[in-house]
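Q: Please take a close look at the strands of this protein and how they pair. Set that part in the context of the whole chain.

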Amino acid sequence: MTKAELISSVAEQTGLKKVDAEKAVSAFIASVTAALKNGDKLSLVGFGTFTTAKRLARKGQNPQTGKKIEIPAATVPKFKPGKTLKEAVNVVPAKKKK
């Protein structure tokens, strides 16, 4: 799903105009980005938790040239899905009775 498809889906489900849905989606993305940039954790009960993690500097290798490179330390975003989201995505058929 692309951002445009997400905006259309939000507009359809909420009855908002696409322009308003686009503002809402953009505001959500900006809010999540700002929270993570500030080092905060953002929890949406049932959906999941957005956090950041620090990666240490390490040595790597360019797969095309084989040249050794230094990969700098970085802070990266992480997402841990909530129970409700996991259950909604992981639809397992019921076991057959013998």
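A: This is a predicted model. Among contacts between residues at least 6 apart in sequence, 32% join residues at least 24 apart.

The part in question centres on strand β2, residues 48-55. On one side of the account is strand β1, residues 42-44, which pairs with β2 in the antiparallel sense over 3 bridges. Within this pairing, L42 stands opposite F50 in β2. β1 and β2 form a hairpin, with 3 residues between them. The turn includes G46, whose phi is positive, at about 90°.

β2 also pairs with strand β5, which covers residues 74-81. This pairing is likewise antiparallel and runs over 8 bridges. Here K54 stands opposite T75 in β5. In a regular strand, side chains alternate between the two faces of the sheet.

As for the whole chain, the protein has 3 helices and 5 strands. Their order from the N terminus is α-α-β-β-β-β-β-α. The radius of gyration is 20 Å, well over the 13 Å that the globule rule gives for 98 residues, so the protein is more spread out than a compact globule. The C-alpha trace spans about 55 × 50 × 30 Å along its principal axes.

Of the 98 residues, 12% count as buried. The accessible surface comes to about 8500 Å², and carbon and sulfur atoms hold 59% of that. The protein carries 20 positive and 7 negative charges, and the mean positions of the two sets are 12 Å apart.

Terms used
Residues are numbered from 1 along each chain as its sequence is written. This is a predicted model: local features need pLDDT of at least 70, side-chain atom pairs count only at pLDDT 80 or more; totals for chains, interfaces and linings use all residues. Side-chain values use heavy atoms; hydrogens and water are left out. Helices (H or I, at least four residues) and strands (E, at least two) are DSSP runs, numbered from the N terminus. The radius of gyration is taken over C-alpha atoms; the globule rule is 2.2 Å times the number of residues to the power 0.38. Buried means under 20% relative accessible area, exposed over 50%, partly exposed in between (1.4 Å probe, protein chains only). Contact means heavy atoms within 4.5 Å. Accessible areas come from the Shrake-Rupley method with a 1.4 Å probe; for residues, only the protein chains shown count as cover. Lys and Arg count as positive and Asp and Glu as negative; His and the chain ends are not counted. The place of a charge is taken as NZ of Lys, CZ of Arg, CG of Asp or CD of Glu. Two strands pair if DSSP finds at least two bridges between them.
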